[in-house]
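Reader: Thanks for sitting down with me over this one. Could we go through it together, question by question?

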Amino acid sequence: MARYIAARCGAAVVVALLITVLLSMLERLVPGDPARTVLGPRATPELVEAVRAQLGLDKPVHVQVWDFVTGAVRGDLGNNFLSQTPVSELVGNALPHTLILAVCSLGVAALVGIPLGAYAAAHRGSWIDRITALVSVSVITVPSYVAGLLLLLLFAVKLRWLPAIGAGTESAGSYVAHLVLPTLALALLWIGYLARLVRSSMLEVLESNYIRTAHAFGLRSRVVLYKHALRNAITPTVAVLGVGLGNLLGGAVFVEVIFNRPGLGTLIFYAIGTRDYATVRGGVLVAALLFVLANLLADIANRVLDPRSRTAGGDT
């Protein structure tokens, strides 16, 4: 187990380093001259040279890469081009809102999707199973930004049950009320996906010999289903949850813009509009590192929870 964790951590570090190196060359990868793009019509030769020096474009590529990588390790992601505010400070202020949104969405998806899939598997072929399959497939095909717009029009504009935009005031009640619609917009797709995944795993587990043995010993169906079958069927879902958290961080960009929430997605979106390469680079780097971290934790959790993976890998 220790060898596996060390190998996975090493692979995660390599991936994080490659992402950092790639992002350090962001300005080089963008077509045209970034300095002229930032300045627009005001681009005089003197201003262009000043901006190139401020962005570090007057240095060789390897020096730019080294400066950004070493700065990122120290927590220095550069400064916002317009306000000269440290990017790490901007990301630090925006990140908690995005993490709360992503974690709440994943929690809602797990709390609804997993029991729904287990219930559908326990009633295979029934009208409940068919309705669950239809609803699950339907919500899987709806992108988060479309779901956000529909929820916004229905519950905020037409019914006026929930607030439409913003993150609310400093009170907890206001913050939670403004969090409901964005959370549902992100969670809908994953509710359907988790329900289908758990149903498939449950059907496979329910055909196992130890489940038949449990029924033969007279255990109640509810105990067999939720205590024995679901515990083993839910293991593949753990790895998916890690990927899901990373995808939710990416999907939060559109949802945060739609609901005008402060967050990492909104920060990156408006930085792209103002050609603020440092903020875009810092925000994308943090989101990518969180994605890598979530997958790493999911892999380790899956290894710990599933004895079959430990046996296949030679662990004892």
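**Charges, helices and a pocket**

Reader: At 33% relative accessibility, how does Asp-67 count?

Author: Asp-67 has a relative accessibility of 33%. Buried means under 20% relative accessible area and exposed means over 50%, with partly exposed in between (1.4 Å probe, protein chains only). The value of 33% therefore makes Asp-67 partly exposed.

Reader: What kind of model is this, and which pLDDT do side-chain atom pairs need to count?

Author: Happy to set that out: residues are numbered from 1 along each chain as its sequence is written, and side-chain values use heavy atoms, with hydrogens and water left out. This is a predicted model, in which totals for chains, interfaces and linings use all residues, local features need pLDDT of at least 70, and side-chain atom pairs count only at pLDDT 80 or more.

Reader: Which residue forms a salt bridge with Asp-67?

Author: A salt bridge here is a side-chain nitrogen of Lys or Arg within 4 Å of a carboxyl oxygen of Asp or Glu. In the bridge of Asp-67, the closest N and O atoms are 3.2 Å apart. The partner counts as partly exposed at 37% relative accessibility, and the residue that pairs with Asp-67 is Lys-59.

Reader: How many salt bridges does a search of the whole structure find?

Author: Side chains of opposite charge can pair when their charged atoms come close. One of the bridges joins Glu-207 and Arg-212 at 3.6 Å, N to O. Glu-207 is partly exposed at 49%, and Arg-212 is partly exposed at 45%. Over the whole structure, the number of salt bridges found is four.

Reader: How many residues apart are Arg-8 and Asp-299 in the chain?

Author: Arg-8 and Asp-299 form a salt bridge whose closest N and O atoms are 2.4 Å apart. The pair links distant parts of the chain, with Arg-8 in helix H1 (residues 2-24) and Asp-299 in helix H14. Both are partly exposed, Arg-8 with a relative accessible area of 27% and Asp-299 at 22%. Their separation in sequence is 291 residues.

Reader: How many helices and strands are there in the protein?

Author: Helices (H or I, at least four residues) and strands (E, at least two) are DSSP runs, numbered from the N terminus. The C-alpha trace spans about 85 × 55 × 35 Å along its principal axes, and buried residues make up 41% of the 316 residues. The protein has 15 helices and zero strands.

Reader: Leu-194 is found in which helix?

Author: Leu-194 has a relative accessible area of 0%, so this residue is buried. From Asp-67, Leu-194 is 127 residues away in sequence and 42 Å away in space, C-alpha to C-alpha. The helix of Leu-194 covers residues 172-206 and is H9.

Reader: What is the volume of the largest pocket?

Author: On a 1 Å grid over the protein atoms alone, a pocket is an open set of points where a 1.4 Å probe fits, with protein on both sides within 12 Å along at least five of seven lines; lining residues have an atom within 4 Å of a point. Points are joined across faces, edges and corners, and the volume is the space filled by probe spheres set on them. The lining holds 22 residues, and among those nearest the centre are Gln-54, Gly-78 and Arg-281. The volume comes to about 480 Å³.

Reader: Which helix gives the largest share of that pocket's lining?

Author: Helix H4 (45-55), helix H5 (61-74) and helix H14 (277-305) each supply at least two residues of the lining. The largest share is five residues, and this comes from H5.

Reader: Which non-glycine residue in the loop between H5 and H6 has a positive phi of about 60°?

Author: The loop lies between H5 and helix H6 (87-122), and Gly-78 is placed there too. The residue in question is partly exposed, with a relative accessible area of 39%. Though not a glycine, the residue with the positive phi of about 60° is Gln-84.

Reader: And which residue has a positive phi of about 50° although it is not a glycine?

Author: This one sits in the loop between helix H12 (235-258) and helix H13 (264-273). At 39% relative accessibility, the residue counts as partly exposed. The name you want is Asn-260.
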